[in-house]
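Student: Could you take me on a close look at one part of this model, the sheet, and show me how it fits with what surrounds it?

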Amino acid sequence: MNVSTGGRRIRSRGATAALVCAIILLPGPGYAAPGEPDPHTDKSIEDIRTELDGLYREAEVATEAYNAANEKAVKQEKRLTTLRADLTRAEKRVKDLHDLAGAAARTQYRGGDLAATGIQLLLGDHPEAALDEASQARQALRGLVNVSETQKTARQELGEQTAAAKKELRKLESSRADKAAAKQKIEKKIATAEEIEAGLEEEQTRRLAELERQRTRQAEARWTDSGGPSGESAGKGKGKGKGGGPGGGTQASGAAGKAVSFAMAQIGKPYVWGAVGPSSYDCSGLTSAAWAAAGHPIPRTSQAQWSGLTRVGLSSARPGDLIIYYNDATHVGMYIGGGQIVHAPRPGRSITTAPAASMPILGVVRPGA
């Protein structure tokens with residue numbers, strides 16, 4: 001064997017060994033546990049889930065702020081319309097009084113003063129005409145005084161109506177600004193969350209879905225521990241009875257039954273922030289529409305529902321009641337029995353049923369109580 005041939009063999013063996021080492025050192029496909037960092041990012045699936053939950057929670061908080069500002073704006077617009085109508089009437093009254101005052105002054109001028117009338121009574125050829133003129137003059141004088149006082153009152157009312165309209169307009173402009181700011185925040189948070197979800201790989205999406213299923217099972221187990229009504233059957237399927245919860249939970253009747261039936265009929269429709277139906281809803285839009293359909297209108301927002309409706313203990317919850325979530329009362333679902341709610345979850349999701357204990361419970365309220 002010559003030297004050149006031996007050298008080529010040595011180099012060939014060295015290259016093969018290097019290739020084997022490289023293959024051994026190459027990382028294979030990784031499947032991190034929920035708490036372990038994802039092989040493609042420096043975040044665990046739990047971290048990603050937490051980040052998404054946070055973004056959608058902030059969007060929901062902003063949605064409630066948007067809804068509240070919108071409710072204020074609607075009321076203020078109605079109030080402003082009424083004030084403007086009052087203002088128009090007040091302006092017309094002032095104008096009419098001004099015209100009336102001019103007419104009274106002209107009548108007094110034509111009738112002359114009372115002293116001249118007295119001379120006419122003594123020396124004139126037609127004393128009855130003088131008496132008639134005197135009567136008109138007195139009436140005109142009294143009318144002029146009355147018109148002047150009424151005119152003063154009307155001008156004061158006009159000033160008050162003008163000031164009230166300007167004040168209400170400022171309130172309306174403030175509410176519209178709050179509404180616009182909330183809208184901008186909602187859209188920004190949702191866009192960020194959607195960007196994160198769009199960037200996930202198939203395996204990450206699968207693991208997120210599995211993590212969500214795990215949380216659902218844990219939430220179902222927490223219902224009794226959280227103080228929810230006992231003795232109910234959660235089951236697997238949707239109850240077919242009027243107002244029944246999944247698996248034949250407690251039945252609802254009357255207005256509550258109608259509200260539950262309405263809410264259940266919306267399952268599958270998309271969550272859209274600020275929406276109150278009929279094709280889409282947000283969380284409080286669904287509950288307010290359901291109770292309106294049952295003949296018992298309730299406040300529009302979850303915060304107003306929490307503050308304005310009758311509160312009941314969690315252990316006394318029955319179908320049709322509203323379960324309010326989070327310390328700031330920014331999410332709401334309708335209890336349907338069996339430890340379940342029907343609710344509009346968040347952007348990107350559809351109306352569905354879920355364990356009543358799947359979110360931190362603030363309390364329960366009962367419409368129509």
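Student: To start, which residue in β6 stands opposite V312?

Tutor: V312 stands opposite V364 in β6. A word on the ground rules: this is a predicted model, where local features need pLDDT of at least 70 and side-chain atom pairs count only at pLDDT 80 or more, while totals for chains, interfaces and linings use all residues. Residues are numbered from 1 along each chain as its sequence is written, and side-chain values use heavy atoms, leaving out hydrogens and water. The protein chain averages a pLDDT (the predictor's confidence in each residue, from 0 to 100) of 77, and 69% of the residues score at least 70.

Now the sheet. Six strands (DSSP runs of E, at least two residues, numbered from the N terminus like the helices, which are H or I runs of at least four) form an open sheet in the order β1-β6-β2-β3-β4-β5, with antiparallel pairing. To count as paired, two strands need at least two DSSP bridges between them. β1 (310-312) and β5 (352-355) stand at the edges with a single partner strand each, so one side of each has no neighbour in the sheet. From one strand to the next, the twist averages 40°, with axes fitted to C-alpha atoms (for helices over the stretch in contact) and angles running from 0 to 180 degrees between N-to-C directions.

β1 is joined to β6 by three bridges. On to β2 (residues 322-325), which pairs with β6 (residues 361-366) over four bridges; here I323 stands opposite V364. β2 also has four antiparallel bridges to β3 (residues 331-337), where L322 stands opposite M334. The hairpin of β2 and β3 has five residues between the strands, and Y326 takes a positive phi near 70°.

Both faces of β2 are covered, with L322 and I324 on one side and I323 and Y325 on the other, all buried (under 20% relative accessible area; 1.4 Å probe, protein chains only). L322 and I324 are among the residues that touch the most other members of the 34-residue largest nonpolar core, a core being a set of buried Ala, Val, Leu, Ile, Met, Phe, Trp, Tyr and Cys residues joined through side-chain atoms within 4.5 Å. I323 belongs to a second, separate core of 14 residues.

Helices lie over the sheet too: α7 lies across β2, β3 and β4 at about 50° to β3, while α6 lies across β3, β4 and β5 at about 110° to β3. Among the contacts of L322 (heavy atoms within 4.5 Å) are W291, M334 and V364.

How values were computed. Buried means under 20% relative accessible area, exposed over 50%, partly exposed in between (1.4 Å probe, protein chains only). Lists of a residue's contacts leave out its neighbours within four places in sequence.
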